[in-house]
Amino acid sequence: ANLFDANLSHANLTLANLTDANLFDANLSHANLTLANLFNANLSHANLEYANLTDANLFNANLSHANLEYADLKDIIWNEETNWNNVKGLETVKNIPQELKQQLGLD
């Protein structure tokens with residue numbers, strides 16, 4: 001799906017299959033992405049402020065320059081290919097996994 005610059009603020013995307021989706025610069029603030037499959041999704045520059053990413057699959061996702069202020073990352077799935085470069089708001093993220101904190105040098 002090409003959702004470049006889409007306004008999905010407050011959207012309920014629970015269980016959504018967004019594999020390979022282009023969400024570059026999309027507004028996903030306050031969106032519910034619980035159990036969403038974001039495998040290989042481009043979330044670069046996306047606004048994920050207050051988004052619920054509980055149990056979301058972020059394998060190979062590109063989150064570079066995304067805004068994650070106050071997002072909930074409880075039990076997310078990610079790998080070494082997940083791009084966290086220049087993510088904004090990590091200091092305010094809720095439920096950031098301990099292993100991810102270590103990987104990003106936040107400990």
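## Surface and charge

Let's start on the outside: the protein chain exposes about 5500 Å², and carbon and sulfur atoms supply 43% of that area. Keep in mind that this is a predicted model.

As for charge, the chain carries 4 positive side chains and 13 negative ones. The centres of these two sets sit 8 Å apart.

## Overall build

There isn't much regular secondary structure to look for here: the chain has one helix and zero strands. Even so, its radius of gyration is 12 Å, close to the 13 Å that the globule rule gives for 107 residues, so the chain is as compact as a globular protein of that length. Measured out along the principal axes, the C-alpha atoms fill a box of roughly 35 × 25 × 25 Å.

How many of the 107 residues count as buried? The figure is 45%. Then there is the question of how far along the sequence the contacts reach. Taking contacts between residues at least 6 apart in sequence, 5% join residues at least 24 apart.

## Two buried spots: Ser29 and Leu8

Ser29 lies in the segment before α1, the helix that covers 98-103. Is Ser29 buried or exposed? Ser29 is buried, because its relative accessible area is 7% and the cut-off for buried is under 20%. Its side chain makes a polar contact with the side chain of Asn27, at 2.9 Å. Setting aside neighbours within four places in sequence, Ser29 is in contact with Ser9, His10, Asn47, Leu48 and Glu49.

Leu8 is also in the segment before α1. With a relative accessible area of 19%, Leu8 counts as buried, since the limit is under 20%. Which residues does Leu8 touch, not counting those up to four places away in sequence? They are Leu3, Leu13, Leu23, Asn27, Leu28 and Ala31. Take Ala31: Leu8 and Ala31 are 23 residues apart in sequence, and their C-alpha atoms are 6.9 Å apart in space.

## Two residues with positive phi

Leu15 is worth a look for its backbone: it has a positive phi of about 65 degrees although it is not a glycine. Leu15 is found in the segment before α1, and it is exposed, with a relative accessible area of 62%.

Asn60 has a positive phi of about 65 degrees too, and is not a glycine either. Asn60 is found in the segment before α1. Its relative accessible area is 26%, so Asn60 is partly exposed.

Key: Residues are numbered from 1 along each chain as its sequence is written. This is a predicted model: local features need pLDDT of at least 70, side-chain atom pairs count only at pLDDT 80 or more; totals for chains, interfaces and linings use all residues. Side-chain values use heavy atoms; hydrogens and water are left out. Helices (H or I, at least four residues) and strands (E, at least two) are DSSP runs, numbered from the N terminus. The radius of gyration is taken over C-alpha atoms; the globule rule is 2.2 Å times the number of residues to the power 0.38. Buried means under 20% relative accessible area, exposed over 50%, partly exposed in between (1.4 Å probe, protein chains only). Contact means heavy atoms within 4.5 Å. Accessible areas come from the Shrake-Rupley method with a 1.4 Å probe; for residues, only the protein chains shown count as cover. Lys and Arg count as positive and Asp and Glu as negative; His and the chain ends are not counted. The place of a charge is taken as NZ of Lys, CZ of Arg, CG of Asp or CD of Glu. A polar contact is a pair of N or O atoms within 3.5 Å; within protein, one must be able to donate a hydrogen and the other to accept it, and residues adjacent in sequence count only if both atoms are side-chain atoms.
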